[in-house]
Amino acid sequence: MIDLHMHTIYSDGTDSVVELLNNANKKDLKVISITDHDNVDSYKELDNLNIERYYNGRIIVGCEFTTSFNDRLIEVLGYGFDYKKVDEYLSNFYTNEFMISTRITLFNRLVSKLKEYNLKYDEKVIENAIKDKFYLITIYNELIKYKENKDIINEDLFNTYSDFIRKGIYNKNSKLFLNHAEFKPKIEDIINIIHSSDGIAFLAHPFQYKFDDTEEFLDKIYNKTSLDGIECFYTTFSEEQTEYIKEFANKRHLLISGGSDYHGKNKRNFELGSGHGSLNIREDILENFNITYFK
């Protein structure tokens, strides 16, 4: 069993790199890829670790890149690339000044919406949230404390944090929509840096975006980009969704990947390797990846 989608404390996970390696070893995962959001800091740490002390399997360099496509915010999973080249690109794009400015801009836009719709919340909690780059988690946890907020917004976006993000913050039709896409690199720019660094690029979890037109979206992104594959196995996918994406990929000779999207305590039902319990991704999907392993 393998898992090619997981996060550490270098993005929005709660496991350290060592904790993640230990957990992967306990799960007897043969191959893993740490895919933190828009950074490869885990691999800088791994370069200075005696990995065999914690994990006996193989590691593929990875990253989950946030990109824009047709003004939609989506993710691309890159695998097997030269992480130092990608780190240089990401460092130049996501400068500290740019990140701080973007966070403040989006935070202020969201707070304006909270006030516009008279949502209930503890002002001190919201004010302090800006100190954390993952402030949306704090805001979500605060908003769901009050039943009246669900009645005011009247949208199906408070059941989970994923729904809050996908159906709310990233959804143009939501009252809480924030246009993150304007602050992210275009998908082809990300694919180009992955390819020029000897890696391969996959569309991440297509059904997780909660689009109303996922099938049409898949056709568009296939026709307009140079993606190498699609993430077909994912924690929240139904059997029907998995089969649909696998068939889509196979017909177009695209590679197939899969992972749990493990975040530690931040996604409690996303277990490493097994997802909700039945995810079982076979190692043979790697046969045509044609990449160099980190370890």
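The following exercises, each with a worked solution, concern one protein chain.

The structure is a predicted model, in which local features need pLDDT of at least 70 and side-chain atom pairs count only at pLDDT 80 or more, while totals for chains, interfaces and linings use all residues. Residues are numbered from 1 along each chain as its sequence is written, and side-chain values use heavy atoms, with hydrogens and water left out.

**Exercise 1. The chain as a whole**

Determine how the radius of gyration of the chain relates to the globule rule.

Solution. Step 1: the radius of gyration is taken over C-alpha atoms, and the rule is 2.2 Å times the number of residues to the power 0.38. Step 2: for 295 residues, a compact globule would have a value near 19 Å. Step 3: the chain has 19 Å, which agrees with the rule. Step 4: along the principal axes, the C-alpha atoms fill a box of roughly 55 × 40 × 40 Å.

**Exercise 2. Burial and contacts**

State what percentage of the residues in the chain is buried, and what percentage of the contacts between residues at least 6 apart joins residues at least 24 apart.

Solution. Step 1: buried means under 20% relative accessible area, exposed over 50%, and partly exposed in between (1.4 Å probe, protein chains only). Step 2: by this scale, 52% of the 295 residues are buried. Step 3: a contact means heavy atoms within 4.5 Å. Step 4: of the contacts between residues at least 6 apart in sequence, 73% join residues at least 24 apart.

**Exercise 3. A sheet of three strands**

Identify the edge strands of the open sheet that contains β1, β2 and β3.

Solution. Step 1: helices (H or I, at least four residues) and strands (E, at least two) are DSSP runs, numbered from the N terminus; the chain has 11 helices and eight strands. Step 2: two strands pair if DSSP finds at least two bridges between them. Step 3: the order in the sheet is β1-β2-β3, with parallel pairing. Step 4: β1 (2-3) and β3 (58-59) each have a single partner strand, so they stand at the edges, and one side of each is left without a neighbour in the sheet. Step 5: β2 (residues 31-32) and β3 pair over two bridges, and V31 stands opposite R58 in β3.

**Exercise 4. Two residues with positive phi**

Locate D28 and D198, and classify the accessibility of each residue.

Solution. Step 1: most residues other than glycine have a negative phi. Step 2: D28 has a positive phi of about 60 degrees although it is not a glycine, and phi of D198 is near 70 degrees. Step 3: D28 lies in the loop between α1 (17-26) and β2, whereas D198 is in the loop between α9 (187-196) and β6 (200-203). Step 4: D28 has a relative accessible area of 46% and is therefore partly exposed. Step 5: D198 has 58%, so D198 counts as exposed.

**Exercise 5. Covered positions in strands**

Decide whether T66 is buried or exposed, and describe how strand β7 is covered and paired.

Solution. Step 1: T66 is found in strand β4 (residues 62-69). Step 2: its relative accessibility is 8%, so T66 counts as buried. Step 3: beyond four places away in sequence, T66 touches D38, L73, I74, E75, Y94, K184 and P185. Step 4: in β7 (residues 229-234), six of the six residues are buried. Step 5: β6 and β7 pair in the parallel sense over two bridges, and the bridge partner of L203 in β7 is I230.
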